[in-house]
Amino acid sequence: MRSNFEFTGRKGLTRVHLQVIISVSQMLGNIVGLNNARFQESLSLINSYASSDKAMKGTGFPVEVKDLTKRAACCQLHIAALMAEYLKLKKIQNWGAEKFELISSNIPKDEKGLKLDSGVQDVQYTEFILQEQLERCAEYLDKAERYEVLGELYRLIIPIHEKKRDYDMLRKCYSSLADNYEKIIETNKSGRRLLGRYYRVGFYGQAYFEDENCTEYIYKEPKVTALSEISERLYKKYCDKFGSDAVKMIQDSTPVCKAELDPKIAYVQVTHVIPYFEKHELEERQTEFEHNHDINCFMFETPFTKEGKARGNPEEQWKRRTILTTSYSFPYVKKRIVVKGVRQTELTPIEVAIDEMQSRVAELEDVVFTQPTDPKKLQLRLQGSVCVQVNAGPLAYASVFLDPALSNMYPEEKVEELKDIFR
């Protein structure tokens, strides 16, 4: 691992030249009765070696090693893509990692650069080994509740069985697919599948974070991890590392003014973010799953008024929308991905009203068009839309922006858009 880290100019372990993956999969595949506890122990040992390696202090190496030794379903897909790429280079089959694009755009990005160098030449991957690996991926994707991508995976598995005229396996494949689509229907009805929450985490403090100073990441957290939960975990982690007097959490989402920070303190800022899509993308991504799979754009909003207060009356209420783009898409083999792009837009008061009303309408439609309709959910949505407790509600927006005496103060097309949403 270390020599590969040096080989990439200390950039990372993404290309581990297959060696680690090959050796580990061979160990797990060939040794019957492998003591799993011992194997896990050896991974922990590798982690502690990496952390205590003086020559690697201040580099991203220990973190990279930790990521590599704690992987799940995404890793199995990357392994399968590497095998496919190998078979393509060996001219055994005519497709490689590019076929995984629809499952995750990360896979071809990482696995298409395979070179048949030493350490790879002596490996003998076959279509049979690839088929076994693809079937293992199907198992893991099912466990991860990513049912929608199983269809794409079986499009790679089925032709292998067809080529061998293995009708029993084909029957099993189609039976698994039928069960899988049944799960999608059930999940969409119940709405009980939770595909994770996302947080922007920023690190500030040169003396503590070194290369990571002023770096922002998006963290993918399981199910419904609350903001307080991730904040507490990170606070504890860095207090253990730097001492409790040296760590401070930044609680709000406003931009950090680096000049005002104390150089003797390690600052961590955590903000809840949600996946963000442009209008044209939403035409393609229509389901909740598509809003949470293979995503690399996130957003959070900060309310403000021109007077400096956070909140004001509807005619004074502005909103700053911050859109963050990550270098890879979620889900990935890592649980956090670095932010590579940030842009901001400001919404005027009438645009804030349009935005708020659009979400209210979408929430109502979601309940109304789900069959059978859940009356409790509907009642809650109606109460939240009509008898609004926190922000301004439809009535306030109508009286400020749609009153004929006042509406001429706002752009005509925005007033018409708001009227359409009310309808």
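Start with the whole chain, coloured by secondary structure: 16 helices and seven strands. The model is predicted. Of the 423 residues in the chain, 41% are buried. Now switch on the surface. The accessible area comes to about 24,100 Å², and carbon and sulfur atoms hold 53% of it. Contacts reach far along the sequence. Among those with a separation of 6 or more, 62% join residues 24 or more positions apart.

**The main core**

Hide the surface and select Leu77, Phe100, Leu130, Leu134, Leu153, Tyr154 and Ile218. These residues touch the most other members of the largest nonpolar core, which has 50 residues. Next, colour the elements that give two or more residues to this core: helix 5 (73-89), helix 7, helix 8, helix 9, strand 5 (295-304), strand 6 (318-330) and strand 7 (336-347). Which of them gives the most? Helix 5 does, with 11 residues. In soluble globular proteins, nonpolar side chains tend to be buried together.

Zoom in on leucine 134. Leave aside its neighbours within four places in sequence. Leucine 134 is then in contact with Ala80, Trp95, Phe100, Leu153, Leu156, Ile157 and Ile160. Apart from the main core lies another core, of 15 residues. Select Val201, Tyr219, Cys239 and Val247 to find it; they are among its members.

**Helix 8 against helix 9**

Select residues 150-163 and 167-190. These are helix 8 and helix 9, packed at an angle of about 170° with axes 10 Å apart. Angles over 145 degrees count as roughly antiparallel, so helix 8 is roughly antiparallel to helix 9. Show side chains at the contact. From helix 8, pick Leu150, Gly151, Tyr154, Ile157, Ile158, His161 and Glu162. From helix 9, pick Met169, Leu170, Cys173, Tyr174, Ser176, Leu177, Asn180 and Tyr181. How do the residues of this contact divide? There are 10 nonpolar, four polar and one charged.

**Two loop stops**

Step back to alanine 144, in the loop between helix 7 (127-143) and helix 8. Alanine 144 is partly exposed, at a relative accessible area of 32%. Draw a distance from its C-alpha to that of cysteine 74. The two residues are 70 apart in sequence, yet 9.6 Å apart in space.

Then go to glycine 60, in the loop between helix 3 (36-52) and helix 4 (61-69). Is glycine 60 buried or partly exposed? Its relative accessible area is 35%, so glycine 60 is partly exposed. Draw a second distance, to phenylalanine 5. These residues are 55 apart along the chain, and their C-alpha atoms are separated by 9.4 Å.

**Backbone exceptions**

Most residues other than glycine have a negative phi, and most peptide bonds are trans. Three places to check follow.

- Select phenylalanine 330 and proline 331. A cis peptide bond joins them, with omega about -5°. Proline 331 is in the loop between strand 6 and strand 7.
- Select cysteine 214, in the loop between helix 10 (206-209) and strand 2 (215-221). Its phi is positive, near 65°. Cysteine 214 is partly exposed, with a relative accessible area of 35%.
- Finish at lysine 223, in the loop between strand 2 and helix 11 (227-242). Lysine 223 is not a glycine, but its phi is positive, about 50°. Its relative accessible area of 41% makes lysine 223 partly exposed.

Methods. Residues numbered from 1 in each chain as written. Predicted model: local features only at pLDDT ≥ 70, side-chain atom pairs only at ≥ 80, totals over all residues. Heavy atoms only, no water. Axes fitted to C-alpha atoms, helices over the stretch in contact; angles between N-to-C directions. Helix = DSSP H or I, 4+ residues; strand = E, 2+ residues; numbered from the N terminus. Parallel < 35°, antiparallel > 145°, perpendicular 65-115°, else oblique. Contact = heavy atoms within 4.5 Å. Nonpolar A, V, L, I, M, F, W, Y, C, P; charged D, E, K, R; others polar. Buried < 20%, exposed > 50% of the residue type's maximum accessible area, 1.4 Å probe, protein only. Areas by Shrake-Rupley, 256 points an atom, 1.4 Å probe, with all protein chains shown as cover. Core = buried A, V, L, I, M, F, W, Y, C linked by side-chain atoms within 4.5 Å.
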